[in-house]
Amino acid sequence: MIGESAGGGLAPALREWRTRRRVSQLELATRAGTTQRHVSFIESGRSSPGRSMIIRLAESLEVPIRERNDLLLAAGFAPVYPQTGLDDPRLAPIRTALERILRGHLPYPAVVVDRHGDLAAANTAFHTLTAGVAPHLLEPPVSVPRVLLHPQGLAPRIANLDEWAWHIIDRVRAESTRNPDDRLARLGHELTGLAPPRPRDAPDHLGFAVPLRLRAPGPADGRELTLITTLTHFGTAIDVTVAELRLEAFLPADRETADLLAELHRT
């Protein structure tokens, strides 16, 4: 456990997370079922909280479970959230569930990615969509954001690349800001270098629901797909690997796109 000041350990780490989430000590105390005085004492290093209190505070701040382990380590406790390889036999039920979900989205493309956007699994419709992408971009680990925006990836086929590129970049930057990660920050910088200038004019869509307008590959003769995306994650995962997985599905925004995806799936 800790008793040190803000020079290191749990105290500054907890204060940093609370500041990042823009939550007051009083609000955090209310969420975690404790007192503002106790939170203040923890952040100043005057109090050494138990493991359960650290977990409650971390949950109240929506700290990812990987970083919850870091908070526990900073306080002198062993990590409580395991990190199991996705190919581990213990995660067989998770893999089976993901495979069923991916198949269930057919003929629409869908992928499972980790916290950095690296491909963990994909259905056949996604592989059809990425036909013609440079082989080096499809060598593991496959970065889905890089495949989308690289000039040897899907970028030349994206009709609204200026809008879509900045939609992806802003999402990567937002995630890196909310849950700091050096690799995500580097990815955001790389993608920024690949993107065209941010469009000055207001887009013709509402809010942040940026559609992907993608010219279809090969036998579709360049006909345009209009796709919207959904993101899904495991809301109750207690394993780091599982908690960081995201399912992204590319769904048709109109009947023509739905028909074309079905046609591509049959070929």
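Is the crossing of helix 2 and helix 4 left-handed or right-handed? In this predicted model, the crossing of helix 2 with helix 4 is right-handed. The axes of these two helices come within 9 Å and cross at roughly 115°, which makes helix 2 roughly perpendicular to helix 4. On the side of helix 2, Leu-28, Arg-31 and Ala-32 take part in the contact, and they meet Arg-56, Leu-57 and Ser-60 of helix 4. By character, the residues of this contact divide into three nonpolar, one polar and two charged.

The helix pair belongs to a protein chain with twelve helices and five strands. The C-alpha trace of the chain spans about 70 × 50 × 30 Å along its principal axes. Of its 267 residues, 44% count as buried. Among the contacts with a separation of 6 or more, 58% come from residues 24 or more positions apart.

The description now turns to the N-terminal helices. Helix 1 covers residues 10-20, and its buried residues are Leu-10, Ala-11, Ala-13, Leu-14, Trp-17 and Arg-18. Regarding such spacing, an α-helix has 3.6 residues a turn, so residues three or four places apart point the same way. The buried residues of helix 1 pack against helix 2 (25-32), helix 3 (36-44), helix 4 (51-60), helix 5 (65-74) and helix 9. After helix 1 comes Arg-22, whose phi is positive, near 55°.

Val-23 lies in the loop between helix 1 and helix 2. With a relative accessible area of 5%, Val-23 is buried, because the cut-off for that class is under 20%. Apart from its neighbours within four places in sequence, Val-23 is in contact with Arg-18, Leu-28, Arg-31 and Leu-61. Of these partners, Arg-18 is one of the buried residues of helix 1, while Leu-28 and Arg-31 are among the helix 2 residues that meet helix 4. The C-alpha atom of Val-23 is separated by 46 Å from that of Ala-216, which is 193 residues away along the chain.

Helix 9, one of the elements against which the buried residues of helix 1 pack, also has a partner in helix 10. Helix 9 (residues 161-178) and helix 10 (residues 182-194) pack at an angle of about 160°, and their axes are 9 Å apart. The two are therefore roughly antiparallel, and their crossing is left-handed. Helix 9 contributes Trp-166, Ile-168, Ile-169, Val-172, Arg-173, Glu-175 and Ser-176, which meet Leu-184, Ala-185, Gly-188, Leu-191 and Thr-192 of helix 10. The residues of this contact divide into seven nonpolar, three polar and two charged.

What is the order of the strands in the open sheet? The five strands are arranged as 2-1-5-4-3, with antiparallel pairing. Strand 2 (119-122) and strand 3 (212-215) stand at the edges with a single partner strand each, so one side of each has no neighbour in the sheet. On average, neighbouring strands are turned by 30° against each other, direction ignored.

Within the sheet, strand 3 pairs with strand 4 (residues 224-233) in the antiparallel sense over four bridges. Here Leu-212 stands opposite Leu-227 of strand 4. Helix 6 (residues 92-104) packs on the sheet, where it touches strand 1 (110-113), strand 2 and strand 5 (246-252), and its direction makes about 150° with that of strand 1. Helix 12 (residues 255-266) also packs on the sheet and touches strand 4 and strand 5; the direction of helix 12 makes about 85° with that of strand 4. Strand 4 and strand 5 are themselves paired in the antiparallel sense over seven bridges, and Thr-232 stands opposite Leu-247 of strand 5.

A final position to consider is Ala-125, which lies in helix 7 (residues 124-129). Ala-125 counts as buried, at 7% relative accessibility. Leaving aside its neighbours within four places in sequence, Ala-125 is in contact with Leu-106, Pro-107, Tyr-108 and Pro-109. The C-alpha atoms of Ala-125 and His-105 are separated by 8.9 Å, and the two residues are 20 residues apart along the chain.

Key: Residues are numbered from 1 along each chain as its sequence is written. This is a predicted model: local features need pLDDT of at least 70, side-chain atom pairs count only at pLDDT 80 or more; totals for chains, interfaces and linings use all residues. Side-chain values use heavy atoms; hydrogens and water are left out. Axes are lines fitted to C-alpha atoms, for helices over the stretch in contact, and angles run from 0 to 180 degrees between N-to-C directions. Angles under 35 degrees count as roughly parallel, over 145 as roughly antiparallel, 65 to 115 as roughly perpendicular and the rest as oblique. A crossing is left-handed if the near helix is turned anticlockwise from the far one by less than a right angle, and right-handed if clockwise. Contact means heavy atoms within 4.5 Å. Ala, Val, Leu, Ile, Met, Phe, Trp, Tyr, Cys and Pro count as nonpolar, Asp, Glu, Lys and Arg as charged, and the others, Gly among them, as polar. Two strands pair if DSSP finds at least two bridges between them. Buried means under 20% relative accessible area, exposed over 50%, partly exposed in between (1.4 Å probe, protein chains only).
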